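Let's walk through a structure together, with a few friendly questions and answers.

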Amino acid sequence: MPGLSSNVTDTALLFEGGGMRASYTSGLVVALLEAGIHLDWVGGISAGSSNAANYLSRDPDRARRSFTDFAADPRFGNVRTFVRGEGLFNSRYIYQEAGLPGQALAFDWETFAANPARVRIGALNATTGEQVHWGREDMADLHDLMVRVQASSTMPVLMPPVTIDGQVYVDGALGPAGGLPLDAARADGYGRFLAVLTRDRGYVKPPQGGEWFFRRHFRRYPAVAEALMARPARYNATREELFALEREGSAYLFVPEQMPVGNGERSVGRLRASHAAGLAQARRELPAIRQFLGLAAS
């Protein structure tokens, strides 16, 4: 699809994960696309990587359905798929099959590929504990993109790790970045950020329990157990840094006024309500977002 362009080139768009809490922040994806706001750098981690991909494919309907109606798909995942080793969320189906042409959640690869914006999808190398941020150079086709979104979104224990080019990866939220690709945006030269969070302003992640279980479960990948135990401190530090950037005027934070669902929510009704609430908040905040981005009022 020729002729796509970005109208914001000095600000990075960062999407946090949070499982089905992304139903709320998918409302911002829809609002930005409705308003014709197209940033030139987009990064996502965990469920945020799905929001990033949907935003870059400029598909507001898929952005909505990914975290609402799709939960009713009988292949979405359940205790039976978990027992079979496919995950409580059936990630292979969700990411590698449902997005194929003619399938339940078909992805517009042509628009994604034609979009000039830079993309970063974050995951954690389970062997080394290092964060990786994949870009377009790693995504020659739809499978390359979606297997990386799958890896980024692979919640430990609940979903099986993903192997790419001989390396094993798990959820990018476990990385040193703390769940938002702020480090990746800075490495690419950005100093202004539109950050999309999935927790309210007062949230502080508590210490991680279950150390014995995680060390036993991930005995083949001790770096994953270490990352799980370090996650609260990393996550809280990244949030504090973003709040500091907001105070100095170099970041705009879209923060849920409420968060009506948890990361494992399956009720389509509650997910639709969550999306609607996020969309309503995003539309209310659009004038302030436009001002931050230096765009004229519509």
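Here are some questions about pockets and one residue.

User: What kind of model is this, and how are residues numbered?
Analyst: This is a predicted model, where local features need pLDDT of at least 70, side-chain atom pairs count only at pLDDT 80 or more, and totals for chains, interfaces and linings use all residues. Side-chain values use heavy atoms, leaving out hydrogens and water, and residues are numbered from 1 along each chain as its sequence is written.

User: Which residues lie nearest the centre of the largest pocket?
Analyst: A pocket is an open set of points on a 1 Å grid over the protein atoms alone, where a 1.4 Å probe fits, with protein on both sides within 12 Å along at least five of seven lines; lining residues have an atom within 4 Å of a point. The largest pocket has 23 lining residues. Nearest its centre are Met155, Asp171, Lys205, Arg231 and Asn263.

User: Is Gln150 buried or exposed?
Analyst: Buried means under 20% relative accessible area, exposed over 50%, and partly exposed in between (1.4 Å probe, protein chains only). Gln150 has a relative accessible area of 5%, so Gln150 is buried.

User: Which side chain is joined to that of Gln150 by a polar contact of 2.6 Å?
Analyst: A polar contact is a pair of N or O atoms within 3.5 Å; within protein, one must be able to donate a hydrogen and the other to accept it, and residues adjacent in sequence count only if both atoms are side-chain atoms. At 2.6 Å, the partner of the Gln150 side chain is that of Gln96.
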